[in-house]
Amino acid sequence: MKDLIEHMARAIVEYPDEVVVTEEEDEDQIVYRLRVAESDMGRVIGKEGRIANAMRALLKVAAIRKGTRAALEIGEGVGRPGPRAEPESELEPEPEPELEVEAEPEPELEPEPEAEPEPEVEPEPESG
């Protein structure tokens, strides 16, 4: 089963020589630990963990066929660091000074002249 995990991992990573699988006996199962280059972690895990879950499913099938239980743990640990964001400073950033915005005076509006009521117009009688 260790060979199965190595084979799957080596097929999808950019640095196959840096794939390391260790095996550890637990109480009722075998725990396999997969280590790959830091830059290959995304390839091994996949979007939303789909690749990792598929590898675990295949390992589970192989374990059942052998009459045992197995688990797969994936982690980084071999060389080749991937791209990283700059480390954040441990100090709290200084708050930016708040700028006082001077409110512009609103232009004075001239009052609208009151409209005079329209005179009522009586309808003309229809001749018929």
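Guide: Before we start, one definition: contact here means heavy atoms within 4.5 Å. Also keep in mind that this is a predicted model.

Visitor: Good to know. Which residues does Leu34 touch, leaving out those up to four places away in sequence?

Guide: Leu34 is among the residues with the most contacts inside the largest nonpolar core, and its list of partners spans several parts of the chain. With residues up to four places away left out, Leu34 touches Ile5, Ala9, Val19, Val20, Val21, Val44, Met55, Leu72, Glu73, Ile74 and Gly75.

Visitor: In what order do the elements of the chain run from the N terminus on?

Guide: Happy to lay that out. The secondary structure comes to 3 helices and 3 strands. From the N terminus on, the order is α-β-β-α-α-β.

Visitor: What share of the contacts with a separation of 6 or more comes from residues 24 or more positions apart?

Guide: One pair illustrates such a separation: Ala52 and Ala9 are 43 residues apart in sequence, with their C-alpha atoms 9.7 Å apart in space. For contacts in the chain with a separation of 6 or more, the share from residues 24 or more positions apart is 61%.

Visitor: Let's turn to the core. Which element gives the most residues to the largest nonpolar core?

Guide: That core has 21 residues, and those with the most contacts inside it are Ile5, Tyr32, Leu34, Met55 and Leu72. At least two residues come from each of α1, β2 (30-37), α2, α3 and β3 (70-78). The top contributor, with 5 residues, is α3.

Visitor: Are α1 and α3 roughly parallel or roughly antiparallel?

Guide: Helix α1 (residues 2-12) packs on helix α3 (residues 50-65) with the axes 10 Å apart and an angle of about 155°. Angles over 145 degrees count as roughly antiparallel. So the orientation of α1 to α3 is roughly antiparallel.

Visitor: How many nonpolar residues does the contact of α1 with α3 have?

Guide: From α1, the contact uses Leu4, Ile5, Met8, Ala9 and Ile12, while α3 brings Ile51, Met55, Leu58, Leu59 and Ala62. Polar and charged residues are absent from this contact, and the nonpolar count is 10.

Visitor: And is the crossing of α1 and α3 left-handed or right-handed?

Guide: The two axes are 10 Å apart where these helices pack. The crossing of α1 and α3 is right-handed.

Visitor: Is Ala52 buried or exposed?

Guide: Ala52 sits in helix α3, and beyond four places in sequence it touches Val44, Ile45 and Ile74. Buried means under 20% relative accessible area. Because its relative accessible area is 4%, Ala52 is buried.

Visitor: How far apart in space are Gly75 and Val44, C-alpha to C-alpha?

Guide: Gly75 lies in strand β3 and counts as buried at 13% relative accessibility. Not counting residues up to four places away, Gly75 touches Leu34, Arg35, Val36 and Met41. Val44 is 31 residues from Gly75 in sequence, and their C-alpha to C-alpha distance is 9.5 Å.

Visitor: One last stop, in the loop between α2 (41-45) and α3. What is the phi of Glu48 near?

Guide: Most residues other than glycine have a negative phi. Glu48, in the loop between α2 and α3, counts as exposed at 72% relative accessibility. Its phi is positive, although the residue is not glycine, with a value near 55°.

Terms used:
Residues are numbered from 1 along each chain as its sequence is written. This is a predicted model: local features need pLDDT of at least 70, side-chain atom pairs count only at pLDDT 80 or more; totals for chains, interfaces and linings use all residues. Side-chain values use heavy atoms; hydrogens and water are left out. Axes are lines fitted to C-alpha atoms, for helices over the stretch in contact, and angles run from 0 to 180 degrees between N-to-C directions. Helices (H or I, at least four residues) and strands (E, at least two) are DSSP runs, numbered from the N terminus. Angles under 35 degrees count as roughly parallel, over 145 as roughly antiparallel, 65 to 115 as roughly perpendicular and the rest as oblique. A crossing is left-handed if the near helix is turned anticlockwise from the far one by less than a right angle, and right-handed if clockwise. Ala, Val, Leu, Ile, Met, Phe, Trp, Tyr, Cys and Pro count as nonpolar, Asp, Glu, Lys and Arg as charged, and the others, Gly among them, as polar. Buried means under 20% relative accessible area, exposed over 50%, partly exposed in between (1.4 Å probe, protein chains only). A nonpolar core is a set of buried Ala, Val, Leu, Ile, Met, Phe, Trp, Tyr and Cys residues joined through side-chain atoms within 4.5 Å.
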